[in-house]
Amino acid sequence: MINLKIHKNKVLIAGANGLLGQKLVNTFADDFEIYGVGRKTSPSLAHLDYTSCDITHRRDIRKLVQSFNPNFVLNAAAYTNVDGCEDDKENCWKVNVKGVENLAQAARSVGATFIHVSTDYVFDGTEEEYTEASTPKPISYYGRAKLAGENAVIISEAAHAIVRTMILYGTGANIGPNFATWLVNKLSKGEPVPIVDDQFGHPTLADDLAKAIRKIVELNKTDLFHICGSDYLSRHDFAVKLADIFDFDASLITRIKTADLNQKANRPLKTKFSLEKARKELGIEMSGVEEGLTILKKQLSGLDH
Ligand SMILES: NC(=O)c1ccc[n+]([C@@H]2O[C@H](COP(=O)([O-])OP(=O)(O)OC[C@H]3O[C@@H](n4cnc5c(N)ncnc54)[C@H](OP(=O)(O)O)[C@@H]3O)[C@@H](O)[C@H]2O)c1
């Protein structure tokens, strides 16, 4: 007799409570067997099969990965507070390097492909455009640790893909503010917002990035990809576009310079990514700012998920 039972691919998602982690859970939920890992005692997304486990605990992570025995391990867990990393270097390194190494080695021990998320902050922001072949040159501790995390993945010898992204925005259950949702909060209350006009990048809708990562899984790609929103603009221009789409008063947005902020960590000022490789090899199209913010508006008004 033919066995018609379909065995779903198993995907373990580390950082399942974060912005990207939640989008990954939602994006993979239909066709994959999912297991979530995070630090919180219970998952932000109810009904998720989940264990609270710190990725810096090597033995626990290995045990967990081996008991679920996934085909893919996706890592959306990170110490993401860029200025916090300057003050708390030890924990930044523990999570963004050692934690990544633990996950990659655990993935390798079960023959799973490891998909890791990194950042444009591995660059210094002085080149005209960055491709996957560009040489990293981080200028913050966060950037240095994320680059060391990428190298830990490579050294682990796990089959792997690394995705560098930037300026993630979107909605989620019990997540902290991101640049777009922080702006919505401020502007909806009529509060003035000084925004830097000398930092340029590609704002990236987290839902789009999760879909692109699903493509990497489906096509079983093991490579380095730059994946971000299709539009390249300044933070100031992004804020003005957001005000326009959400019908907020754009005169609340004033221009400042990065140097005025006196932030602990240096920021790369211009990180223009080439999306050519991701488009060609994954066949993806990433939303521009107008499309992405329109989706965000619908999600925030509860019309879409
Ligand atoms: N946000 C951006 O603009 C941006 C830009 C470029 C690249 N990235 C990269 O994209 C990825 C996803 O970012 P995100 O914005 O979605 O992050 P996020 O919302 O800050 O979520 C990060 C998650 O990591 C988990 N985590 C932190 N330390 C952990 C530990 N020791 N053990 C287990 N889990 C831990 C947290 O879990 P709990 O909630 O359970 O504590 C949190 O939910 C990260 O690799 C980040 O570096 C982000």
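1. Shell around the ligand. In this predicted model, three elements each supply at least two residues of the shell around the ligand: α1 (19–28), α4 (89–109) and β5 (113–119). Helix α1 gives the most, with 3 residues.

2. Nearest residues. The ligand has 27 residues around it. Those that come nearest are G18, L20, G38, R39 and A78.

3. Character of the shell. Sorted by class, the residues around the ligand are 13 nonpolar, 11 polar and 3 charged.

4. Packing of α8 and α10. Two packed helices are described by the angle between their axes and the distance between the axes. Here the pair is α8 (residues 235–246) and α10 (residues 289–300). Their axes come within 10 Å and cross at roughly 50°. That angle falls outside the roughly parallel, perpendicular and antiparallel ranges, so α8 and α10 are oblique to each other. The crossing of α8 past α10 is right-handed.

5. Residues in that contact. Helix α8 contributes F238, K241, L242, I245 and F246. From α10 come V289, E290, L293, T294 and K297. The contact of α8 with α10 divides into 6 nonpolar residues, 1 polar and 3 charged.

6. The chain as a whole. The protein chain has 10 helices and 13 strands. Its C-alpha trace spans about 70 × 40 × 40 Å along the principal axes. What radius of gyration would a compact globule have with 305 residues? The value would be near 19 Å; the protein chain has 19 Å, so the two agree.

Technical notes. Residues are numbered from 1 along each chain as its sequence is written. This is a predicted model: local features need pLDDT of at least 70, side-chain atom pairs count only at pLDDT 80 or more; totals for chains, interfaces and linings use all residues. Axes are lines fitted to C-alpha atoms, for helices over the stretch in contact, and angles run from 0 to 180 degrees between N-to-C directions. Helices (H or I, at least four residues) and strands (E, at least two) are DSSP runs, numbered from the N terminus. Angles under 35 degrees count as roughly parallel, over 145 as roughly antiparallel, 65 to 115 as roughly perpendicular and the rest as oblique. A crossing is left-handed if the near helix is turned anticlockwise from the far one by less than a right angle, and right-handed if clockwise. Two residues are in contact if their C-beta atoms, placed from the backbone, lie within 7 Å. Ala, Val, Leu, Ile, Met, Phe, Trp, Tyr, Cys and Pro count as nonpolar, Asp, Glu, Lys and Arg as charged, and the others, Gly among them, as polar. A residue is near a molecule or strand if its C-beta atom, placed from the backbone, lies within 6 Å of it. The radius of gyration is taken over C-alpha atoms; the globule rule is 2.2 Å times the number of residues to the power 0.38.
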